Amino acid sequence: MIESKGWNWKIVKDDKAEIWKKPSVESYYLLNRWNEQGKKHFLDLGCGLGRHSILFGKNGFDVSSFDISQEAINRTKEWAKEENLTFDYKVGDMLNLPYKNEQFNMSKKVNRNFKVGDEIYVVDHWGTSKGSAAFEAYAQIIQVNQEKQNFLAVLYGDTYQTYSFKDYGRLIFDTKRKASQIAYFLPKPTSIVWQIIGNRVYKKTVLGISSRYINGATDLVIKLNRGKEVSTKEMDSTIFMNEQDARRKIAK
């Protein structure tokens with residue numbers, strides 16, 4: 001039987017804690033995506049010192065901070081109090097969560113009703129001097145398939161691409177600002193990312209962002225100098241902007 005163990009946060013003194021209080025770059029991507037999808041509840045599993053609890057709390061989410069370490073919960077609580085934020089706190093093992101099944105909505109249901117003629121913004125890619133990077137692009141829906149839950153849109157006046165309804169809030173947005181924010185937080189050409197494969201972390205160089213037609217819809221992928229392309233869906237799951245976040249993911 002696997003024994004769950006928590007990080008010893010007592011060894012992380014206040015004067016050395018700043019690096020543990022900085023949100024991961026990927027969390028800003030998820031914050032904007034989930035805001036766009038209308039999500040309001042955030043469960044911070046393995047909250048540590050509370051860096052993501054605080055980020056999401058400051059942006060209007062109802063936050064539940066959960067960690068196996070009482071020290072982690074205590075220090076998250078202290079920081080939240082300094083920020084005038086109120087969270088729900090629980091100490092426990094994530095293998096046996098003390099929450100009701102429907103308390104946190106993890107469904108793929110999309111509340112946006114797409115119609116022919118709708119003007120939207122999507123995250124696409126465009127060439128730069130260093131390689132192809134993510135950019136926002138204006139698009140107009142010209143065909144909707146309710147059965148397949150996708151639509152056909154025209155970009156740049158002459159480029160036709162199919163998008164899945166479920167990518168609303170990830171690749172599809174109602175405003176230019178939201179699409180631009182998501183594009184900004186995706187890896188840039190020549191930047192370094194850290195990829196989890198199995199239980200190891202590998203340093204990779206980003207060659208650029210590209211698009212692929214996957215499962216009947218357009219997806220954005222990250223091209224790496226070694227190994228296979230990966231979907232931008234993998235941000236904060238297997239792809240990270242810094243090594244520490246990747247190694248913390250493995251340690252959980």
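Q: Which residue just after H2 takes a positive phi?
A: Gly60 does, with a phi of about 90°. This is a predicted model, in which local features need pLDDT of at least 70 and side-chain atom pairs count only at pLDDT 80 or more, while totals for chains, interfaces and linings use all residues. Residues are numbered from 1 along each chain as its sequence is written, and side-chain values use heavy atoms, with hydrogens and water left out.

Q: What makes a stretch of the chain a helix or a strand, and how many of each are there?
A: Helices are DSSP runs of H or I with at least four residues, strands are runs of E with at least two, and both are numbered from the N terminus. The chain has 5 helices and 13 strands.

Q: Why is the chain called as compact as a globular protein of its length?
A: The radius of gyration is taken over C-alpha atoms, and the globule rule is 2.2 Å times the number of residues to the power 0.38. For 252 residues the rule gives 18 Å; the chain has 20 Å, which is close to that value, so the description applies. The C-alpha trace spans about 60 × 40 × 40 Å along its principal axes.

Q: Why is Trp20 called buried?
A: Buried means under 20% relative accessible area, exposed means over 50%, and partly exposed lies in between (1.4 Å probe, protein chains only). Trp20 has 16% relative accessibility, so the residue counts as buried. Trp20 sits in the segment before helix H1 (25-36), and its C-alpha atom is 8.6 Å from that of Gly50, 30 residues away along the chain. Of all 252 residues, 44% count as buried.

Q: What makes helix H2 mostly covered?
A: In H2 (residues 51-58), 7 of the 8 residues are buried. They are Arg51, His52, Ser53, Ile54, Leu55, Phe56 and Gly57. These buried residues pack against H1, strand S1 (41-45), strand S2 (62-67), H3 and H5.

Q: What share of the contacts with a separation of 6 or more joins residues 24 or more positions apart?
A: Contact means heavy atoms within 4.5 Å. Residues 24 or more positions apart account for 53% of the contacts in that set.

Q: Why is the pair of Glu71 and Arg75 called a salt bridge?
A: A salt bridge is a side-chain nitrogen of Lys or Arg within 4 Å of a carboxyl oxygen of Asp or Glu. The closest N and O atoms of Glu71 and Arg75 are 3.6 Å apart, so the pair meets the rule. Glu71 and Arg75 are 4 residues apart in helix H3 (residues 70-82), which means a separation of about one helical turn. Glu71 is partly exposed at 22%, whereas Arg75 is buried at 12%. Side chains of opposite charge can pair when their charged atoms come close.

Q: How do you know that Asp118 and Lys115 form a salt bridge?
A: Their closest N and O atoms are 3.8 Å apart, so the distance satisfies the cut-off. Asp118 is buried at 13%, and Lys115 is partly exposed at 44%. Both residues belong to a salt-bridge network with Arg112 and Asp174.

Q: Are Arg170 and Asp167, which form a salt bridge, buried or exposed?
A: Both Arg170 and Asp167 are buried. Their closest N and O atoms are 3.0 Å apart. The salt-bridge count comes to 11.

Q: How far apart are the mean positions of the positive and negative charges?
A: They are 3 Å apart, for 40 positive and 30 negative charges. Lys and Arg count as positive, Asp and Glu as negative, and His and the chain ends are not counted. The place of a charge is NZ of Lys, CZ of Arg, CG of Asp or CD of Glu.

Q: What makes the phi of Asn84 and that of Gln149 worth listing?
A: Most residues other than glycine have a negative phi. Asn84 is not a glycine, yet its phi is positive at about 60°; Gln149 is not a glycine either, and its phi is about 55°. Asn84 lies in the loop between H3 and strand S3 (88-91) and is exposed at 72%. Gln149 lies in the loop between strand S5 (132-145) and strand S6 (150-155) and is partly exposed at 38%.

Q: Why is Arg247 called partly exposed?
A: Its relative accessible area is 43%, between the two cut-offs, so the label follows. Arg247 lies in helix H5 (residues 243-251). Arg247 and Gln195 are 52 residues apart in sequence and 9.8 Å apart in space, C-alpha to C-alpha.
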